[in-house]
Amino acid sequence: MTEASDSELVRRYRNGEIGALDSLVRRHQKSLFGFVMNMVRDRSAAEDIFQETWLRALRGIDAYRDGNFGGWLVKIARNIIIDRSRKRQPELCLDTEDGEGRTRIENTPDPAPDPATSAEFSDVGRMVLDAVSKLPPDQREVFLMRVEAGLSFREIAKIQRVSINTALGRMHYALARLRPVLSAQASALTGSAQRGGQAS
Amino acid sequence: MNCEKARSWILLEQSDELSAMNSRRLARHLAVCKDCSRYRNDVLRLTRLATEHLPAEEPSEEAIHRILDSAEKVRPGRLIRYQWFAARAVAWAALFVAIVGGAILLMPEQPEKRAGPEHNLSAIMAIVDENPPEEYHSRDAASRLEIERELGRHLLRIEGLLDEDLMAEVLL
C-alpha cells in the first residue's frame, strides 16, 4: 500500500483525524529537528522551536496549499528562530541591517557545538560539526536547508527571499569553507591507515 | 559553458532541478574540465560527510506527544463544530421521527367508505319516490335543480366517478 502524501494527511487532519497529524509529525521530525538543532545547537531550545513550529503550522494549516510541506515547516521554523533572535536584540528588526550591513539572520549567534555532543563524534564528525557551526548564518542556513531538510534551491531562495543565484552563491561559499574538512578527513584516513600498517 | 555556470548547475543537478538537456550539457563540460569535475566530487563528498556526521538527532517522544496533545486544543473549533453538527442532525432526525410517529398514532380513523352502488341506487329510488312526476313539475326551478343535482350525484357515484371536482364539473 502506498503511503499517503503530505497533502492527503493534511486534508485528513483538517477533517478532524488526529492520527494523520501523528504521521505527519513523525515523517518530518528528523529533517525539521535536524535543521533546527543544527541552527541553534541547543537541544532544549531546539525542542521548543520544534514544538512551536508545529503549533504555528497547525494554527495556520488552512493557509497551507499543496506544495512541499517540509519546506513550509522549515520556513516557519526559520521565522521562529529569527523571532527569538529579535527578542534577544529588541532594538533591531528583521529587515534592518546593523552597522556592518548584516541582516537579522546574519546576527543569529554562531552555534558553538555542545561539548557533550561533540565528544560523541569521531574526529571527522567533530570537524564537520565545527565547520558547519562556524559558517556565517545565511550560508549555514542554505547548507542545512539543502543537506538536512532536503529542500531544493528554488525553495530555499523563496524562504530566504533572495534570487536562486544568491542561494546558489551562498551554498558555493559554504562548501568552500567546508572544503578544508575534506583535506583533514583525508589526512585522518591516511594517518589511520599508517597506524594500522605499523601495528600490523 | 563557463565554469561558474557549470558549478551552479552541479548544485542544481544534485537537487534534481536541472533539466535533462542541461544535464547533458553539464556532462559534456565535466568531461573536459578537470577543475569542475574535482569540484563536483568535492561537493558530493562534503554532502555525504555532512549527512553522515551532522548530529542526526530527533525530538523526544515527550515533545511529539505535547504537539499531538496541543493539536486537540489548537483546533477544537473544527472538532466541536463537527460534533455539534452531528448532535444536531441526530436531534433533527429524532424530532422528525417523533412528529411522524405521533401524527400516525393520533390520526383520526379513516372515514367509512363511501356508499356503494346499491346504497346509491336505493337513495335514487328514495328521491324518485319522494318526488313523483306530478309533484316534481309543480316545484319551482330551484327545487327541481336541487333534486336533479342530487340524482346526478348518486348516478355518478354508481359509475365510480367519485372525484368531487369532476362531479361538480359534470353537474355544472
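Visitor: What does the accessible surface of chain A come to, and how much of it belongs to carbon and sulfur atoms?

Guide: In this predicted model, the accessible surface of chain A comes to about 9700 Å². Carbon and sulfur atoms hold 49% of that area. For chain B the exposed area is about 12200 Å², with 58% supplied by carbon and sulfur.

Visitor: What share of each chain counts as buried?

Guide: In chain A, 48% of the 200 residues are buried. In chain B, 28% of the 172 residues count as buried. A residue enters that count if its relative accessible area is under 20%.

Visitor: How do you know which elements make up chain A and chain B?

Guide: Chain A has 9 helices and 0 strands, and its pattern along the sequence reads α-α-α-α-α-α-α-α-α. Chain B likewise has 9 helices and 0 strands, with the pattern α-α-α-α-α-α-α-α-α.

Visitor: What portion of the contacts joins residues at least 24 apart in sequence?

Guide: In chain A, 56% of the contacts between residues at least 6 apart join residues at least 24 apart. In chain B, residues 24 or more positions apart account for 48% of the contacts with a separation of 6 or more.

Visitor: Why are α1(B) and α2(B) called oblique to each other?

Guide: Helix α1 (residues 3-14) and helix α2 (residues 20-32) of chain B pack at an angle of about 125 degrees. The perpendicular range runs from 65 to 115 degrees and the antiparallel class begins over 145. The angle of about 125 degrees fits neither class, so α1(B) and α2(B) are oblique. Their axes are 10 Å apart, and the crossing is left-handed.

Visitor: Which residues form the contact of α1(B) with α2(B)?

Guide: On the side of α1(B) they are C3(B), A6(B), W9(B), I10(B) and E13(B). These meet N22(B), R25(B), L26(B), H29(B) and L30(B) of α2(B). By class, the contact has 6 nonpolar, 2 polar and 2 charged residues.

Visitor: What makes α6(A) and α3(B) roughly perpendicular?

Guide: Helix α6 (residues 123-133) of chain A and helix α3 (residues 34-53) of chain B pack at an angle of about 105 degrees, with axes 9 Å apart. Angles of 65 to 115 degrees count as roughly perpendicular. The pair is therefore placed in that class. V124(A), G125(A) and V128(A) of α6(A) make the contact with L49(B), A50(B) and H53(B) of α3(B). The residues of this contact divide into 4 nonpolar, 2 polar and no charged.

Visitor: Why is D6(A) called buried?

Guide: The relative accessible area of D6(A) is 15%. The cut-off for buried is under 20%, so D6(A) is buried. D6(A) lies in helix α1 (residues 6-14) of chain A. Leaving aside neighbours within four places in sequence, D6(A) is in contact with L24(A), R27(A), H28(A), F69(A) and G70(A).

Visitor: In the loop between α1 and α2 of chain B, are S15(B) and D16(B) buried or exposed?

Guide: S15(B) sits in that loop, and so does D16(B). S15(B) has a relative accessible area of 10%, and the buried class is under 20%; S15(B) is therefore buried. D16(B) has 71%, and the exposed class is over 50%; D16(B) is therefore exposed. Not counting residues up to four places away in sequence, S15(B) touches R146(A), S152(A) and F153(A).

Visitor: What is said of phi at D16(B) and R161(A)?

Guide: Most residues other than glycine have a negative phi. D16(B) has a positive phi of about 60 degrees although it is not a glycine. R161(A), also not a glycine, has a positive phi of about 55 degrees. R161(A) lies in the loop between α8 (153-160) and α9 (164-199) of chain A. At 70% relative accessibility, against a cut-off of over 50%, R161(A) counts as exposed.

Visitor: How do you know that S60(B) is buried?

Guide: S60(B) has a relative accessible area of 15%. Buried means under 20%, so S60(B) belongs to that class. S60(B) is found in the loop between α3 and α4 (61-74) of chain B. With neighbours within four places in sequence left aside, S60(B) is in contact with R43(A) and E47(A).

How values were computed: Residues are numbered from 1 along each chain as its sequence is written. Chains are lettered from A and ligands numbered from 1 in the order in which they are written. This is a predicted model: local features need pLDDT of at least 70, side-chain atom pairs count only at pLDDT 80 or more; totals for chains, interfaces and linings use all residues. Side-chain values use heavy atoms; hydrogens and water are left out. Axes are lines fitted to C-alpha atoms, for helices over the stretch in contact, and angles run from 0 to 180 degrees between N-to-C directions. Helices (H or I, at least four residues) and strands (E, at least two) are DSSP runs, numbered from the N terminus. Angles under 35 degrees count as roughly parallel, over 145 as roughly antiparallel, 65 to 115 as roughly perpendicular and the rest as oblique. A crossing is left-handed if the near helix is turned anticlockwise from the far one by less than a right angle, and right-handed if clockwise. Contact means heavy atoms within 4.5 Å. Ala, Val, Leu, Ile, Met, Phe, Trp, Tyr, Cys and Pro count as nonpolar, Asp, Glu, Lys and Arg as charged, and the others, Gly among them, as polar. Buried means under 20% relative accessible area, exposed over 50%, partly exposed in between (1.4 Å probe, protein chains only). Accessible areas come from the Shrake-Rupley method with a 1.4 Å probe; for residues, only the protein chains shown count as cover.
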